[in-house]
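Trainee: Got a minute to walk me through a structure I haven't seen before? I'd like to jump straight in.
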Amino acid sequence: MALLQPRLSLKVSQRQILTPGLMQMVSVLALNKLELKEMIQSEIAENPILEELEENVPLLDDVEGRQEAMDRPVEAQQADAAREKTDPFDEIDFGSYFQDYLDPGFRTPNSFEVTEKPSIENFLSQPSTLTDHLFWQLGSLSLAPAIRDAAEYIIGNLNEDGYLTATDDELLEGYLREQLRPEQENHAQVVTAEVPEKLAERARGHLAAALKVVQHLDPVGVATRDLRDCLLVQICAQQHEFELIYERQRRSAPIHNTSDLDAAESLLSDEPAPEPVKAHVNGFSKDTNGSAQRMSVFESAHCIVDKHLPLLQRRDLRELSKALGRSQEEAQLAVDFIRTLDPRPGQRYNRVDARLIEPDVAFVKRGDEFVVVMNEEDLPTLRLNQGYRRMITQDGTEKDVKDYVKERYRSAIQLMRNIEQRKNTILRTCEAIIRRQVDFMEKGVEAMKPMMIKEVAEEIGVHPSTVSRAVSNKYVHTPQGVYELRFFFSEGVNGPEGSSTPLMLLKRKVKKFIEDEDPRKPLTDDLIASMLQSQGIDVTRRTVAKYREDMRIPSTHQRRVRG
């Protein structure tokens, strides 16, 4: 039996290790201008060796000029001082003189009292969210405390689109947990079965009443379960509002004959009027037949959303008209009305702020060629603090202090080198883009050529991942507009006369064909592929279907409008 014995063994291997400096170089290269500015300011706050070169710092020329002035004769300096001496008459404050001795008897408080004004930041408004908007409306209602608490809990469970995704049991369990939290602090979860039935039933009633309150708030359709309920609530709300407005106008309008009254009453009782009747309301005429048509649109839209939503999704107008028992024109009016509804009512108040874009580079034409101009405006200019450097060479400085200063000094130099290397890498990458995309600069997107990241990386002598980081999240200002640098990199497909067509242009062609098609006879993927092949672009039906799905364009069957 072999005994376990300690041994010494040598092993040669190669491993790729990222040093802290290399990791910083990779991270700095991927930053855009705004992110780089924040990163530099953070480093300045942490590293005392780094300083920002400000405009008021004297330069070498200014220092030399001051030294020459000091070396001038004393007589010349005295002569200059005599010429620059101000007139004593200009030093008199005539404003205070007239204010003190020629006062008419009344002065506003601003003339003798200096008060501290509030900051302008106190007047900046914060974007209102859906929750804030609903809470604001809830505060204006007179509700029982229990109903108000339940309504606030329901509002807190709405998603960004305004839908209530939690089930009734989940709402009840969470609401009971909130209500019993002071009494059961040690219990992480409240089981509904352990709660008294009377208390659970009371909470269920509060939630039901609160849900009705929230659903009547603005925007209409909020706190519904799904798309069907959301659209139905909006249809019923608009129909109810139309009935109230028409009833108010009917009562305030002077009725000139009994036939007008009979026609209006038959309209509200859903009985067809014998003939078109005009009711004069507030100086203008209202056609009651138009009101009947509007009510018919409400009823048809309600029926479509309630029972025939799949037919609406397929745009099958013929089947919709058969299911409604109405003509295709009436069914089309109902479909057009449904399109005016908001399927995501909460998004109106949960808008995402537009992201600020500032181009990192610009392609500018100078003479007959385009050049790359780096946008370094507002970027801090770094320099090293010479005082700390002298501490390293001075005698008497403690060893711990020297070691700390040396480490901070190396970190500062490494950061400045990485920033300069980032600039050089972006410049070389953009110069390679310009050499390949001159036609785009002059003619536009249609003249863009396919270009791969690997090709540019081989041209400038770096790894493809370096080029990918150099163009990541960065924008360029061109004669054709502002584009993301990654926009210029696109695969190519076989195009006319053996050349390559960028994938982006191919998708634009497919989208253009579909936009110009007849909705009643939409183009199939085979037909689109044939049309592209006639232009010299070698693609298959599968390729067209893949690009169409990437652009989220429905299939031929879903795009067809039946009628």
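Trainee: Where is Val 438 placed?
Mentor: Val 438 sits in helix H19. Keep in mind that this is a predicted model.
Trainee: Okay. Is Val 438 buried, partly exposed or exposed?
Mentor: Partly exposed, because its relative accessibility is 31%, and the buried class only covers values under 20%.
Trainee: And how far is Val 438 from Glu 369 in space?
Mentor: Their C-alpha atoms are 8.7 Å apart, although 69 residues separate the two along the chain.
Trainee: How about contacts across the chain, what share of them join residues at least 24 apart?
Mentor: Counting contacts between residues at least 6 apart in sequence, 64% join residues at least 24 apart.
Trainee: Let's talk confidence. What's the average pLDDT?
Mentor: The chain averages 76, and 74% of the residues score at least 70.
Trainee: Where is it lowest, and where is it highest?
Mentor: Strand E2, residues 278-281, has the lowest confidence with a mean of 36, while strand E7, residues 475-478, has the highest at 91.
Trainee: Which stretches stay under 50?
Mentor: Residues 97-115 do, and the model has 5 contacts beyond four places in sequence for them. Residues 183-188 also stay under 50, with 2 such contacts.
Trainee: Stepping back, how many helices and strands are there?
Mentor: The chain has 25 helices and 10 strands. Of its 563 residues, 33% count as buried.
Trainee: Speaking of buried, which residues touch the most other members of the largest nonpolar core?
Mentor: Val 361, Phe 363, Phe 488 and Phe 489, out of 31 residues in that core. Several elements each supply at least two residues, including strand E4 (361-366), strand E5 (369-374), helix H18 (399-436) and helix H22 (503-515).
Trainee: Which of them gives the most?
Mentor: H18 does, with 6 residues.
Trainee: Why would residues like that gather?
Mentor: As a general rule, nonpolar side chains in soluble globular proteins tend to be buried together.
Trainee: Back to Phe 488, what does it touch?
Mentor: Leaving out residues up to four places away in sequence, Phe 488 touches quite a list, including Phe 363, Ile 433, Phe 440, Met 441, Val 476 and Tyr 483. Gln 437 and Lys 449 are among its contacts too.
Mentor: Apart from that core lies another one of 26 residues, among them Leu 130, Ile 147, Ala 150 and Tyr 349.
Trainee: New topic: pockets. What's the volume of the largest one?
Mentor: About 510 Å³. It is lined by 19 residues, and the closest to its centre are Leu 312, Gln 313, Arg 315, Val 335 and Arg 339.
Trainee: Which elements give two or more residues to the lining?
Mentor: Helix H11 (227-252), helix H14 (309-313), helix H15 (317-324) and helix H16 (328-339). H16 has the largest share, 4 residues.
Trainee: And how does the lining split by class?
Mentor: It has 12 nonpolar, 3 polar and 4 charged residues.
Trainee: You mentioned H15. Is Ser 321, which is in that helix, buried or exposed?
Mentor: Ser 321 is buried, because its relative accessible area is 7%. Setting aside neighbours within four places in sequence, Ser 321 is in contact with Arg 326, Ser 327, Gln 328 and Ala 331.
Trainee: Now for backbone oddities. Which peptide bond is cis?
Mentor: The one from Asp 218 to Pro 219 is cis, with omega near 5°. Pro 219 is in the loop between H10 and H11.
Trainee: What about phi of Asn 473?
Mentor: Phi of Asn 473 is near 60°, a positive value in a residue other than glycine. Asn 473 is in the loop between H21 and E7 and counts as partly exposed, with a relative accessible area of 25%.
Mentor: Arg 552 also has phi near 60°. Its place is the loop between H24 and helix H25 (556-559).
Trainee: Is Arg 552 buried or exposed?
Mentor: Exposed, because its relative accessibility is 78%, and the cut-off for exposed is over 50%.
Trainee: Last one: where does Asp 538 lie?
Mentor: Asp 538 is in the loop between helix H23 (525-534) and helix H24 (541-550). At 53% relative accessibility, Asp 538 counts as exposed. Asp 538 and Thr 501 are 37 residues apart in sequence, with 9.8 Å between their C-alpha atoms.

Key: Residues are numbered from 1 along each chain as its sequence is written. This is a predicted model: local features need pLDDT of at least 70, side-chain atom pairs count only at pLDDT 80 or more; totals for chains, interfaces and linings use all residues. Side-chain values use heavy atoms; hydrogens and water are left out. pLDDT is the predictor's confidence in each residue, from 0 to 100. Contact means heavy atoms within 4.5 Å. A nonpolar core is a set of buried Ala, Val, Leu, Ile, Met, Phe, Trp, Tyr and Cys residues joined through side-chain atoms within 4.5 Å. Buried means under 20% relative accessible area, exposed over 50%, partly exposed in between (1.4 Å probe, protein chains only). On a 1 Å grid over the protein atoms alone, a cavity is a set of points where a 1.4 Å probe fits but cannot get out, and a pocket is an open set with protein on both sides within 12 Å along at least five of seven lines; lining residues have an atom within 4 Å of a point. Grid points are joined across faces, edges and corners, and a volume is the space filled by probe spheres set on the points. Ala, Val, Leu, Ile, Met, Phe, Trp, Tyr, Cys and Pro count as nonpolar, Asp, Glu, Lys and Arg as charged, and the others, Gly among them, as polar.
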